Amino acid sequence: MEQTAQQPRDRRALPPSVLALAAATFCVVTTEMLPVGLLTSLGEGLRTSDGTTGLTVTLPGVVAALAAPLLPVVVRRADRRTVLCVLLVLLAAANLLSALAPAFWVLLVARALVGVCIGGVWAVAAGLAGRLVRQESVGRATAVIFSGIAVASVLGVPAGTLMGGAAGWRWAFAAMALLALAVAALLALLLPPLPAGEAIRLREVLGLVRTPAVRTGLLVVALLVTGHFAAYTYVRPALERVPGLGPGPISGLLLVYGVAGIAGNFLGGAAATRDPRRSLLTISAVLSWAVLLSVPAGGSLPAAVALLVVWGLAYGGVSVSAQNWLMAATPGRREAGSALFAGVFNAAIALGALLGGRAADRFEVAGALWLGGALAALALGAVMAAGRDPRTARPART
């Protein structure tokens, strides 16, 4: 094992390097979804519609979906610590460009750079747990690394909303630039040298799709994440229509959603370690009903608040549960499996924001919510139809 010097004395504890990787995933995903909480102010500042402004979420998802399976192949010989540090510095530059953007097209260029960083960090970081901890702790370390994604998904939006409301959307991006630089320094300090292992080939990544459990897991990820972002990208406009809610209370509600999501992340992770199929069944069912019921509940403040909390609990467990499913289905090929997972996840983010934007423009905000709930219901059907535990799957041969 490469990092014997960083092994903690307590065998149950994880080394600081794992937490640094979690900070990296938190940083890139928070940056990715920052426009969700700033949607209204972004549109007003750059004079774009809600649907057009949603492209700031769609574009980095598209780029990340392409970068995730390709970047590990491109940097096959590079030290993984160096790769991660460079990606975080590039992320800082992209956020700074976003903060200074004089026009919408400049912001889109910056968001494309963000997509490269997202795909690269996801794909590289997820495969490093086995090189940083003992074998018996690999599953837990991987869950902690990916918890950065879940925590960002549920805290990034309210944090960005609060910052944007207090100082303006440009300062929210500037703050993320500083955070990215700090995380880059943290990675350089805490990660050991991580020379490239066996080179990953693109055909190896794509070949995993031949495993039935992998196909099911990726389909469920695609449906859940597409559905969530189709609806959640427009959650602020939806909450603005609830009687008695102003900008201040909405920011507070999104923070409550974030806290519920963190709880859902750890609850979902614990359940998925024991039975990833049952965990995804529960998440899909709860998420679909929470989103669908948000449409008729829009006229009631208590109902809207309750459903938003349930929504946070359910979606908080999606990333870690899906990752546990795919880890079980791809033993020995975690970096390749993580690259494929990251590609599909980010493509789903892009597709969800795009479809949600089209639905919101044509059928108003309720259309985006109906679409999101329906896709989550389809994910439930996909898990039920699979009828098997991914831990019994055999990896595909390439």
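In the predicted model, helix α1 (residues 16–37) packs against α5 at an angle of about 30°, and the two axes lie 11 Å apart. An angle under 35 degrees counts as roughly parallel. The pair α1 and α5 is therefore roughly parallel. Their crossing is left-handed. On the α1 side, the contact involves L21, A24, C27, V28 and T31. On the α5 side, L84, L88, L91 and N95 take part. An α-helix has 3.6 residues a turn, so residues three or four places apart point the same way.

N95 belongs to helix α5, which spans residues 80–100. The relative accessible area of N95 is 0%, so this residue is buried. Beyond its neighbours within four places in sequence, N95 contacts T31, F173, M176 and A177. T31 is a residue of α1 and faces α5 in the packing described above. F173, M176 and A177 are among the buried residues of α9. N95 thereby touches residues of both α1 and α9.

Helix α9 covers residues 169–190 and contains 22 residues. From first C-alpha to last, α9 reaches 32 Å. That span is close to the 32 Å expected at 1.5 Å a residue. Buried positions in α9 begin with W169 and A172. They continue through F173, A174, M176, A177 and A180. V183, A184 and L187 are buried as well.

The α5 helix also packs against α6. Here the angle is about 160°, with the axes 9 Å apart. Angles over 145 degrees count as roughly antiparallel. The helices α5 and α6 are therefore roughly antiparallel. As with α1 and α5, the crossing of α5 and α6 is left-handed. Helix α6 runs from residue 104 to residue 125 and has 22 residues. Its end-to-end C-alpha distance is 31 Å, close to the 32 Å expected at 1.5 Å a residue. Of the 22 residues of α6, 17 are buried, so this helix is largely enclosed by the rest of the structure.

The cysteines were examined for disulfides. The count is zero. C27 is in no disulfide, and its nearest cysteine sulfur, that of C117, is 9.3 Å away. A disulfide requires two sulfur atoms within 2.5 Å. The 9.3 Å from the sulfur of C117 to that of C27, the closest cysteine sulfur, is therefore too far for a bond. Both residues are enclosed. C27 has 0% relative accessibility and so counts as buried. C117 also has 0% relative accessibility and is buried for that reason. C27 is one of the α1 residues that meet α5.

L59 gives a contrasting environment. This leucine lies in helix α4 (residues 55–74). Its relative accessible area is 27%, so L59 is partly exposed. Not counting residues up to four places away in sequence, L59 touches L108 and A112. A distant part of the chain also approaches this position. L59 and L354 are 295 residues apart along the chain, yet their C-alpha atoms are separated by 9.2 Å.

A similar pairing involves P237, in helix α12 (residues 235–239). Its relative accessibility is 8%, so P237 counts as buried. A366 is 129 residues from P237 along the chain. The C-alpha atoms of P237 and A366 are separated by 9.9 Å.

A further helix pair was found between α14 and α16. Helix α14 covers residues 276–293, and helix α16 covers residues 318–329. They pack at an angle of about 145°, with their axes 9 Å apart. From α14, the contact draws on P276, R277, S279, L280 and I283. From α16, it draws on V318, S321, A322, N324 and W325. This crossing is also left-handed.

Across the whole chain, there are 17 helices and zero strands. The chain has 398 residues, of which 58% are buried. Among contacts with a separation of 6 or more, 86% join residues 24 or more positions apart.

How values were computed: Residues numbered from 1 in each chain as written. Predicted model: local features only at pLDDT ≥ 70, side-chain atom pairs only at ≥ 80, totals over all residues. Heavy atoms only, no water. Helix = DSSP H or I, 4+ residues; strand = E, 2+ residues; numbered from the N terminus. Buried < 20%, exposed > 50% of the residue type's maximum accessible area, 1.4 Å probe, protein only. Contact = heavy atoms within 4.5 Å. Expected span 1.5 Å × (residues − 1). Axes fitted to C-alpha atoms, helices over the stretch in contact; angles between N-to-C directions. Parallel < 35°, antiparallel > 145°, perpendicular 65-115°, else oblique. Left-handed = near helix turned anticlockwise from the far one by under 90°.
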